[in-house]
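These notes are meant to be read with the structure open beside them. Please take the points in order and find each residue as it is named.

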Amino acid sequence: MIRFQRNRKIEATPDQVWNVLGRFMNVDDFSPAIVSVDALTTGDIGVGSRRRNNFENGTSVVEEVIEWKPGEGFTVQLSQMAAMPLREARAHVNIAPDGEHSSVTWTFDYRVKYGLLGWLMGQTMFKLMMGKVLDKDLKALEDKVLSVRTA
């Protein structure tokens, strides 16, 4: 698997960050590329919870929680990602205290289709694209956390 990671320091407590991230079915409240979310499960959010993220370009991906640590982060397994050149993918978001602030780390582990050519694509073009996506999501998360905190 190829691993890609981004980190952002947010001037808010881990609890304040979790108050936004922990609303699992509402990722479209801050993620700029996601236009809507379909909740595929009901009840409490935790391991087994599933959502479909619908993107601006008309594609979608399903995420299922495989690890849930309230206040600290979660891991999702991606599926139904036919529009992406991925065979397998997982995303992990972690919140850690950083002095009076929070350090948020977003990790994306993935295996690309198409053998050696796919691996090369995954190491170059896909990392570049994912870097932009994760940077925008972390910035948007920060903006949402700060707006909620001051509201």
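Which residues do ring pairs link into a cluster? The cluster consists of Trp18, Phe24, Trp68 and Phe74. Please keep in mind throughout that this is a predicted model.

1. The aromatic pairs. A search of the whole structure finds six aromatic pairs. One of them is formed by Phe24 and Trp68, which are arranged edge-to-face, with 6.1 Å from centre to centre and 90° between the planes. Phe24 belongs to the loop between helix H1 (14-21) and strand E2 (34-39), while Trp68 belongs to strand E4 (residues 60-69), so the pair ties together parts that are 44 residues apart in sequence. The two numbers quoted for the pair follow the usual description: a pair of aromatic rings is described by the distance of the centres and the angle of the planes.

2. The surroundings of Phe24. Is Phe24 buried or exposed? Phe24 is buried, and Trp68 is buried as well. Phe24 also has a charged group over its ring: the charged end of Arg51 sits there, 3.8 Å from the ring centre.

3. The sheet as a whole. Seven strands make up an open sheet, and their order is E1-E7-E6-E5-E4-E3-E2, with antiparallel pairing. E1 and E2 are the edge strands, each of which pairs on one side only. On average, neighbouring strands of this sheet are turned by 25° against each other, with direction ignored. When you follow a strand by eye, remember that in a regular strand the side chains alternate between the two faces of the sheet.

4. Strand E7. How many residues of strand E7 are buried? Ten of its twelve residues (101-112) are buried, so E7 is largely enclosed by the rest of the structure. On one side, nine bridges join E7 to strand E1 (residues 2-10), and the two run antiparallel. Two positions help to locate this pairing: Ile2 has Tyr110 of E7 as its bridge partner, and Asn7 stands opposite Thr105 of E7.

5. Strands E6 and E7. Strand E6 (residues 86-98) is joined to E7 by twelve bridges, again in antiparallel fashion. Within this pairing, Trp106 of E7 is the residue opposite Val93. The two strands form a hairpin with two residues between them, and Gly99 in the turn has a positive phi of about 65°.

6. The other end of the sheet. E2 and strand E3 (residues 50-55) run antiparallel and are joined by five bridges. Ile34 has Phe55 of E3 as its bridge partner. E3 is in turn joined to E4 by five bridges, also antiparallel, and there Asn54 stands opposite Ser60 of E4. The hairpin of E3 and E4 has four residues between the strands, and Gly58 takes a positive phi near 90° in it.

7. A positive phi outside glycine. Gln80 deserves a look, since its phi is near 50°, a positive value in a residue other than glycine. Gln80 lies in the loop between strand E5 (73-79) and E6. With a relative accessibility of 48%, Gln80 counts as partly exposed, because the partly exposed class lies between 20% and 50%.

8. The helices against the sheet. Helix H2 lies across E1 and E7 and runs at about 160° to E7. Helix H3 lies across E1, E6 and E7 and runs at about 25° to E1. Glu142 is a residue of H3. At 11% relative accessibility Glu142 counts as buried, because the limit for buried is under 20%. Leaving out residues up to four places away in sequence, Glu142 touches Arg8, Lys9 and Ile10.

9. The two helices against each other. Two packed helices are described by the angle between their axes and the distance between the axes. What are these values for H2 (residues 115-123) and H3 (residues 125-150)? Their axes come within 3 Å and cross at roughly 35°. In the contact, Met121, Gly122 and Gln123 of H2 meet Met125, Phe126 and Lys127 of H3. These contact residues divide into three nonpolar, two polar and one charged.

Note on methods:
Residues numbered from 1 in each chain as written. Predicted model: local features only at pLDDT ≥ 70, side-chain atom pairs only at ≥ 80, totals over all residues. Heavy atoms only, no water. Buried < 20%, exposed > 50% of the residue type's maximum accessible area, 1.4 Å probe, protein only. Pairing = 2+ DSSP bridges. Axes fitted to C-alpha atoms, helices over the stretch in contact; angles between N-to-C directions. Contact = heavy atoms within 4.5 Å. Nonpolar A, V, L, I, M, F, W, Y, C, P; charged D, E, K, R; others polar. Phe/Tyr/Trp six-rings, centres within 6.5 Å; stacked < 30°, edge-to-face > 60°. Lys NZ or Arg CZ within 6 Å of the ring centre and 35° of its normal.
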